[in-house]
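Student: I should like to work through this structure by question and answer. Where would you have us begin?

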Amino acid sequence: MNNWQTVPLKDIGTFERGKGLQKSDFTDCGTPCVHYGQIFTYYGGFTNSTISFVSPETAKECSIVHHGDTILAITSENVQDLCKSTVWLGDGDIVTGGHSGIFRHNQNPKFLGYYFQSEYFNHQKAKYAKGTKVIEINPEDILNRIKIKLPDLETQQKIVQILDTWNTSINKLKELSEKEKSYFGSQCKLLLSQNNNQTINYKLSDICSYKKGSGLSKEMLTNKGLPCILYGELYTHYDYLIDKVYSKIPITTIGVKSTMDDILIPASTTTNGKDLAIASVIKQPDVLLGGDINIFRIKDTNTVDGTFLALYLRYIKWRKMASRAQGITIVHLYGKDLLDLKIELPPLGIQKKIVSVIKCQREKINIINDYIIKLEQQYKYLLNHLISGDFDLTNIKLEKGKEQQ
């Protein structure tokens, strides 16, 4: 039976509200620092290095972080990300600033890092989150009202070793996935750029007609109804091949619907033209297509394979596409400005062979990514139950040489 104590966080540590540090303070070298915004975008649960620095003079106005301290983002745009954290495991001190908090304690640093990732902690923090557009939490509430189930240091280290093993396996698979994606991109460019005496030159207007999607919004989405695609999903949900549609919209909605092998290209972004230079082919008819989606409909499927064309635009013509984007704050890519793009097409049979080879590589990547998702689900289950003290670890032995982090 586990002999754990349930105590408020104030019994094992202190909490300091961060001060100072703006992104404009960053320098090329100097004192290492972690800005609270980077906890959302860059850092995982633990880090031993920083990507940013400030001058020694600026560092004096910031809050100091010691080895083993946990840095939490105490301001967020939503409750889910509130208190996202990273544990500093590097040598020496670093600094952090406003909108962050520093938790110092006398426990195993990595055990506390895993605790702050657990549902046991997240359920508690949600009770004390305040605000609407900007969500905040009071450090005093974290210390005095939020509790932790605390085992002895040896059991903490057992939990750390178990979770570290899972993390290592997942990270290795993610590295493999990234290598396969890099290889995929290089193979696409190589296969799609091959020229032979059978290649015919076209303009995009020769092989496709153009139209634009109709206005749909996130607020219109529902659990049941017609399948639909919003323009932002072309960045976040899909690659070059749309063979499954995720979103639904009420069946009474009227708008532009897809036909098989339509080529979809986003028409606007808030970043830069490179983000617009992507193309996807949809393999499902009658899908409602949102505004800010450029739709290119193939005129003759005996000449053009839709998947080949989407790959060709995405990997061969992306620079040309990006160069035609317009705007500063909001960048637009108008479909009519792409109609004169030069397209070099081999015979349809060769197009299909190239697509087949590329699909095999895509399937390999998807298998790896599906396995990562399953492992992450299992890891999350394991983390939550380990942190809650649901498993008896009495007979689990510490790995030699790793008794202390």
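Tutor: Let us begin with a term: a nonpolar core is a set of buried Ala, Val, Leu, Ile, Met, Phe, Trp, Tyr and Cys residues joined through side-chain atoms within 4.5 Å. Please keep in mind that the model is predicted.

Student: Which residues of the largest nonpolar core touch the most other members?

Tutor: In soluble globular proteins, nonpolar side chains tend to be buried together. Here the largest nonpolar core has 39 residues. Those that touch the most other members are Leu9, Phe103, Tyr115 and Ile148.

Student: Which element gives the largest share of this core?

Tutor: The elements that give two or more residues to the core are α3, α4, α5 (139-145), β14 (147-150), α6 and α12. The largest share is 8 residues, and the helix or strand that supplies them is α12.

Student: How many helices and strands does the protein have, and what percentage of its residues is buried?

Tutor: The C-alpha trace spans about 75 × 50 × 50 Å along its principal axes. The protein has 12 helices and 26 strands. Of its 405 residues, the buried part amounts to 47%.

Student: What is the volume of the largest pocket, and which element gives the largest share of its lining?

Tutor: The volume of the largest pocket is about 1,100 Å³. Its lining has 35 residues, and Gly44, Gly45, Lys84, Gln117 and Tyr379 are the closest to the centre. Two or more lining residues come from each of β5 (46-47), α3 (109-115), α4 (119-128), α6 (153-192) and α12 (348-387). The largest share, 8 residues, is that of α6.

Student: How many residues of each class are in the lining of the largest pocket?

Tutor: The lining is sorted into nonpolar, polar and charged residues. The respective counts are 11, 13 and 11.

Student: Which residues are the closest to the centre of the second largest pocket?

Tutor: This pocket holds about 640 Å³ of space, and 22 residues line it. At least two lining residues are supplied by each of α6, β18 (241-242), α10 (306-315) and α12. By class, the lining divides into 8 nonpolar, 7 polar and 7 charged residues. The closest to the centre are Asp239, Arg362, Ile365, Asn366 and Asn369.

Student: Over which ring does the charged end of arginine 362 sit?

Tutor: Arginine 362 is among the residues closest to the centre of the second largest pocket. Its charged end lies 5.5 Å from the centre of a ring, that of tyrosine 240.

Student: Over the face of which residue does lysine 110 lie?

Tutor: The distance from the ring centre is 4.8 Å. The ring belongs to phenylalanine 46.

Student: What kind of aromatic pair do tyrosine 231 and tyrosine 235 form?

Tutor: The count of aromatic pairs comes to 14. In the pair of tyrosine 231 and tyrosine 235, the centres are 6.4 Å apart and the planes make an angle of 80°. Planes over 60 degrees apart count as edge-to-face, so this pair is edge-to-face.

Student: Is tyrosine 231 buried, partly exposed or exposed?

Tutor: Its relative accessible area is 31%. Buried means under 20% and exposed over 50%, so tyrosine 231 is partly exposed.

Student: Which residues form one aromatic cluster with Phe103?

Tutor: Phe103 is one of the core residues that touch the most other members, and so is Tyr115. The residues in one cluster with Phe103 are Tyr115, Phe116, Tyr120 and Phe121.

Definitions and conventions:
Residues are numbered from 1 along each chain as its sequence is written. This is a predicted model: local features need pLDDT of at least 70, side-chain atom pairs count only at pLDDT 80 or more; totals for chains, interfaces and linings use all residues. Side-chain values use heavy atoms; hydrogens and water are left out. Rings of Phe, Tyr and Trp (its six-membered ring) pair if their centres lie within 6.5 Å; planes under 30 degrees apart count as stacked, over 60 as edge-to-face and the rest as tilted. Buried means under 20% relative accessible area, exposed over 50%, partly exposed in between (1.4 Å probe, protein chains only). A charge sits over a ring if NZ of Lys or CZ of Arg is within 6 Å of the ring centre and within 35 degrees of the ring normal. On a 1 Å grid over the protein atoms alone, a cavity is a set of points where a 1.4 Å probe fits but cannot get out, and a pocket is an open set with protein on both sides within 12 Å along at least five of seven lines; lining residues have an atom within 4 Å of a point. Grid points are joined across faces, edges and corners, and a volume is the space filled by probe spheres set on the points. Helices (H or I, at least four residues) and strands (E, at least two) are DSSP runs, numbered from the N terminus. Ala, Val, Leu, Ile, Met, Phe, Trp, Tyr, Cys and Pro count as nonpolar, Asp, Glu, Lys and Arg as charged, and the others, Gly among them, as polar.
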